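Thanks for coming, everyone. Let me put the structure up, and then I'll walk you through one helix and the chain around it.

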Amino acid sequence: MRDLPDAPTILPPQPRAYHGVNWEGLKTLYVREIRRFLKVGTQTLAAPVVTALLYMLVFVVAVGGGREVHGVAYGTFVAPGLIMMQILSNAFANSSSSLLQAKFNGLMGDFLTPPLTPAEHVAGFGGGAATRGILVGLVSMVAVLPFARLPIAQPWAILYFGLGAAFIMGFIGIMAGLWAEKFDHMAAVTNFVIMPMTFLSGTFYLVERLPEPFRTASHYNPFFYLIDGFRYGFTGQAESNLMVGAIMTAVLVLALGWVSLWMFKVGYKIKT
């Protein structure tokens, strides 16, 4: 009797091997994130500008009067904080809403199927979020100029803390978008974490004038260092230790980027 040929060995699926950077895929994801918020420009660009102008109207025109803070006009003191507040909130909103909507609509496979590494996912979503934050910040800066003079004392501080804040909140948005299972979860993060930390960071006042223990607690708020460093770029006056703020910004960018990368690698709440 003739021997039968051996049956072929069936191996389990192996992880895909990635070689180099998929620049075309990364560009596509980044451009997709940009086009996504530009399509609803009234909501993503115009609305934050209106909010910034309302804050300027209330705090500068109605409340501030002719007051000065650290030797600069109150409007000049408040304006950088408002610009940074728009950068923080919009960078977070872009990446978090993009991922949550994709999960809610069952479209996460559209991101996971293409040959993109976890690092390229983080770069695409984080870069898109940072771009929206910086763009809204620029538009807000132009909008508040009629109400406040904005000299540029230290351009490096404006660039460093502005970009750092945009990427920090972009990465936090990635983490929140992957963690959240419904829109109520995202609203909780925004209302109970992002907004309180933003308003309690010296946007409209000097932290040194707060009573204890709030004054000390504010120095553990990373948003305080981001806003103070960003304001220093315009006014040349800082309330915090700039070296501490600069180091903290770099550490947060690296740490939050790593956590976002890990969440994509393990497929946190996006793979079954």
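Start with α10. Its buried residues, meaning under 20% relative accessible area with a 1.4 Å probe and protein chains only, are L242, G245, A246, M248, T249, L256, G257, S260, M263 and F264. This is a predicted model: local features need pLDDT of at least 70, side-chain atom pairs count only at pLDDT 80 or more, and totals for chains, interfaces and linings use all residues. Residues are numbered from 1 along each chain as its sequence is written, and side-chain values use heavy atoms, with hydrogens and water left out.

What covers those buried residues? The cover includes α3 (74-104), α5 (118-144), α6 (155-179) and α9 (222-235). Contact here means heavy atoms within 4.5 Å. Helices are DSSP runs of H or I, at least four residues, and strands are runs of E, at least two, numbered from the N terminus.

Next, the length of α10. It has 25 residues (242-266), and at 1.5 Å a residue they should span 36 Å. The expected span is 1.5 Å times one less than the number of residues. The end C-alpha atoms are 36 Å apart, which agrees.

Now its ends. N241 caps the N-terminal end, with a side-chain oxygen 3.0 Å from the backbone nitrogen of M243. Just after α10, G267 takes a positive phi of about 70°.

Step back to the chain. It has 10 helices and 2 strands. Of its 272 residues, 46% count as buried. Its C-alpha trace spans about 105 × 35 × 35 Å along the principal axes.

Conventions: Buried < 20%, exposed > 50% of the residue type's maximum accessible area, 1.4 Å probe, protein only. Polar contact = N/O pair within 3.5 Å; in protein donor to acceptor, adjacent residues only side chain to side chain.
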